[in-house]
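Biologist: Could you take a close look at one part of this model for me, the second largest pocket and whatever is built around it? I'd like one connected walk-through.

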Amino acid sequence: MSDGPGPAQAPAAARTPVGQPLLSLALASMIEDVDAHSGAVYLLKPDEPVLEMAVMAGMPRAFAAPWERVGLSAPVPVSEAVRERRLVWVGGEEQMARRYPRIAVVLPYPFALAALPVATASRVYGALFVTWPGAHPPELSDRERDILTTGCARLALRLERATAQNLPIGPEADLLAAPASGVSGTLGTVEAARMVSRLPYGLVSLDLHGRIAFANTAAADLLGRPVAELLGTLPWASVPWLNDPIYEDRYRAALISQQTTSFVALRPPGEWLSFRLYPSTTGLSVRISRARAVAEMARAAPQSGPGPSRLVTISQVLSLAGALTEAVGVQDVVQLVWEEVAPSVGCQAMAILGSQAGRLHVLGQRGYVDPHVVERFDGVPLSERTPGTHVLTSGVPAFFDSREQLERLYPERYETPDGYAAWAYLPLIASGRPVGTCVLAYADRHVFPADERAVLTSLGGLIAQALERALLYDAKHRLAQGLQESLLPHSLAPLPGIEAAARYLPATHGMEIGGDFYDLVPTPPLAAAVIGDVQGHNVTAAALMGQIRTGVRAYTTVGQAPHEVMRSTNRLLIDLGADLFASCLYLRLDPARGQAVMARAGHPPPLLRRPDGRVRVLDLAGGPLLGIDAAATYPTTEVCLTPGTVLALYTDGLVESPGVDIEDSLVELGALLAEVGDQPLENLADELVRHSAAARERMDDVAVLLLRAREDR
């Protein structure tokens, strides 16, 4: 087939009768002609942008289980081949880790891969990939490229003809070598079997699925199971002390790379066994022997606790993923990466970088003795040539095993040493775009093999998702904080004869923005004070709060009486059509006469502390919440303000807490006010907020406005 017709002769192939199984024959032919050892054909779903594996050859389908069904936008070679209508070549383990880290995490083995679209000029039918062992040269030869390109073109024409004839095209049986069924089938003659039985070491034959097809007596003795109980089973399933993913991984590594692999395992209580795996395209031969040298080293080595693995384990990945879901802000992400990732990968310092207005921005760092060595890069233009800016803008990871390697590529780093000897720069890509870079620094030279690079790059994906959410949260928080500050008074206007202090605390849930408000309006010789709460904890509530506060100031300034101010504000809220309600407490203060006239609209009652320390709840007459009834009226109550009297106005966030009766909260608040009410008003405001259980939990906004009558009125 390698000397067969080229692309120009492909239409002749279309006249060949379409046979069955069409896909399997085409795949097997291409695998054989390019000396590959496995491959698969995908068909494009007619009703959705998805490729589905129709047949696989040379390897168990379980090896490719994560990619049996892939979207056209997925970052995998077959999808890229279809999207770009070209051959995609991955020349080995390093390229796979760099370009397709998700695949490299699952299959961290040396192998090469080519993926091609199966398409005519007018239609895509699917895709195909083939793989070679790790010994394949790093580049695809012209001969291999021609064979694969021509084979896919022929397959596309045959699929086109089958479609025109309404012939069924769908999944076919996978192509695997037939497993060995017994001694005679595996080793030939009975005499050969006798020879194997006399060997002092164990011999086991595994099929492509990893099942034991043959085991000699020595193998059964070493494994501690009769031959009859071993045949047809997976070693890591039938031998308890081999039930560790690392041993199955060695089988997969040998089969995919087609390279001899080995490992040692401890058979309880203290016997070390050596396993050497010899792969072929039909299965694996395994030699088992006693590893005396390992046993002697184990006995001679000092007993110590197990050291940490250099690579992140599955449990650590799950722990990191779970922890990152709880991260709220950017600094939470920085701290979690330091606590979860750094110990697992063995780095001694880390930093997370982002960008803002075309410049590098250091979002956080940990472990550096002198933080200035990292912070000096804050504000560096992204156009400047540094490893941090390059990874951030390109989205391609960079690994530097030594200072010499880093400084060879970035000579300017001679001027900015950070005291470390190796670095990993991981792109943090979320929603298809780089959102940052995670820098891991190592105190000693550190070689990054392909499997470690793949794991670190994939960890970067987890960090990126959390960082994207955290950046969005921090931006919303800054927006909410700025909006809230702009809607509340920056300072309280000084009033003759009245001392005032206020506090506002946003809710700890939601956007940390709400509708609680307060204000002081001087209208000499009188003054007004107002506090209120618009329903909700969002931008709408905050905006409506701003409109109400503006309305109250306007109605006060034109000289309306307290009950008129409330009625006018009520009508304003209804006219705005916001479908939100608001509570409000309005006071007209007359410091010269020592009086206050109050009007209330569904708001919690204020507390009054007399100069002798007695506190009472003011049971004021009032009307309904603002925004309910356009015809509502709001009666007023007059209260005497002798010098030293304190009025405590507050919103329900100060006294309402889940599971606590509001009457009990008012009693506690009154007792506290009686106890500490002689303090300076600013200190008193802090005390009331600090000792409130509701304020500590902050399920709701909290606003407090304190007024104290003075002698100088």
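Modeller: Here's the pocket, then the sheet and helices that go with it, and a helix pair to finish.

Keep in mind that this is a predicted model. The second largest pocket holds about 380 Å³ of space. Its lining counts 18 residues, and the ones nearest the centre are G354, S355, L363, V435 and L471. By type, the lining splits into eight nonpolar, six polar and four charged residues.

Who supplies that lining? At least two residues each come from α15 (330–345), β12 (349–356), β13 (359–366), α17 (387–394), β16 (433–442) and α19 (450–487). The top contributor is α19, which puts in five residues.

Three of those names, β12, β13 and β16, lead straight to a sheet. It's an open one with five strands, ordered β13-β12-β16-β15-β14, and the pairing is antiparallel. At the edges sit β13 and β14 (398–400), each of them paired on one side only. On average, neighbouring strands in this sheet are turned by 20° against each other, ignoring direction.

If you want one strand pair to zoom in on, try β15 (residues 422–430) with β16: the two run antiparallel and are joined by nine bridges. To get your bearings there, pick P427, whose bridge partner in β16 is T437.

Now add the helices. α17 packs on the sheet and touches β12, β13, β14, β15 and β16, and its direction makes about 145° with that of β16. α15 lies across β12, β13 and β16, and runs at about 60° to β13. Both α15 and α17 are also among the elements that supply at least two residues each to the pocket lining.

One more piece of packing, with other helices this time. Two packed helices are described by the angle between their axes and the distance between the axes. For helix α2 (residues 22–33) and helix α6 (residues 142–164), the angle is about 170° and the axes are 10 Å apart. Angles over 145 degrees count as roughly antiparallel, so α2 is roughly antiparallel to α6. On the α2 side, the contact involves L22, L23, A26, M30 and D33. Facing them in α6 are R143, I147, L148, G151, C152, L155, R158 and L159. Sorted by type, the residues of this contact come out as nine nonpolar, one polar and three charged.

Notes
Residues numbered from 1 in each chain as written. Predicted model: local features only at pLDDT ≥ 70, side-chain atom pairs only at ≥ 80, totals over all residues. Heavy atoms only, no water. 1 Å grid on protein atoms, 1.4 Å probe; cavity = no way out; pocket = protein on both sides within 12 Å on 5 of 7 lines; lining within 4 Å. Points joined across faces, edges and corners; volume = space filled by probe spheres on them. Helix = DSSP H or I, 4+ residues; strand = E, 2+ residues; numbered from the N terminus. Nonpolar A, V, L, I, M, F, W, Y, C, P; charged D, E, K, R; others polar. Pairing = 2+ DSSP bridges. Axes fitted to C-alpha atoms, helices over the stretch in contact; angles between N-to-C directions. Contact = heavy atoms within 4.5 Å. Parallel < 35°, antiparallel > 145°, perpendicular 65-115°, else oblique.
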